[in-house]
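Student: Could you take me through one part of this chain up close? I'd like to look at the cysteines and whatever sits around them.

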Amino acid sequence: MKHSIRKIPYGKFRMAQKCYVCNGTGVDICPKCNGHKTFNGKTCPECNGRGIVKCYACGGRGIID
């Protein structure tokens, strides 16, 4: 009797996890102005005065593969 080995493809059964930086929201506080919307008395060029930016860890998706 032959034994057969089944190979499970890597990542096939892994579930996506919430991002550890943004906790699944997809956005993070602007690193340049710290969420204050201004930098050196002018509108922050990094976030365009919004105070938040797309999360750098997950790319704004909210999940880590």
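Tutor: Start with Cys44, which is buried at 1% relative accessibility; buried here means under 20% relative accessible area, exposed means over 50%, and partly exposed is in between, with a 1.4 Å probe and protein chains only. One thing to keep in mind: this is a predicted model, where local features need pLDDT of at least 70 and side-chain atom pairs count only at pLDDT 80 or more, while totals for chains, interfaces and linings use all residues. Residues are numbered from 1 along each chain as its sequence is written, and side-chain values use heavy atoms, with hydrogens and water left out.

So what is the closest cysteine sulfur to that of Cys44? It belongs to Cys30, 3.7 Å away, and that is too far for a bond, because a disulfide is a pair of cysteine sulfur atoms within 2.5 Å. Cys19 has a similar story to tell: its closest cysteine sulfur is in Cys22, at 3.7 Å, again too far for a bond. Cys19 is buried too, with a relative accessible area of 1%. Searching the whole structure turns up 0 disulfides.

Back to Cys44 and Cys30: both belong to the largest nonpolar core, together with Cys33, Cys47 and Val53, 5 residues in total. Such a core is a set of buried Ala, Val, Leu, Ile, Met, Phe, Trp, Tyr and Cys residues joined through side-chain atoms within 4.5 Å. If you set aside neighbours within four places in sequence, Cys30 is in contact (heavy atoms within 4.5 Å) with Gly35, Cys44, Glu46, Cys47, Gly51, Ile52 and Val53.

Now go over to Cys19 again and look across at Ile64. The two are 45 residues apart along the chain, yet their C-alpha atoms are separated by 5.4 Å. Ile64 lies in strand β6, residues 63–64; strands (E, at least two residues) are DSSP runs, numbered from the N terminus. Apart from residues up to four places away in sequence, Ile64 touches Ala16, Gln17, Lys18, Cys19, Tyr20, Ala57 and Cys58. Unlike buried Cys19, Ile64 is partly exposed, at 23% relative accessibility.

For the wider setting, the chain has 6 strands and 0 helices (H or I, at least four residues). Buried residues make up 18% of its 65 residues. Of the contacts with a separation of 6 or more, 53% are between residues 24 or more positions apart.
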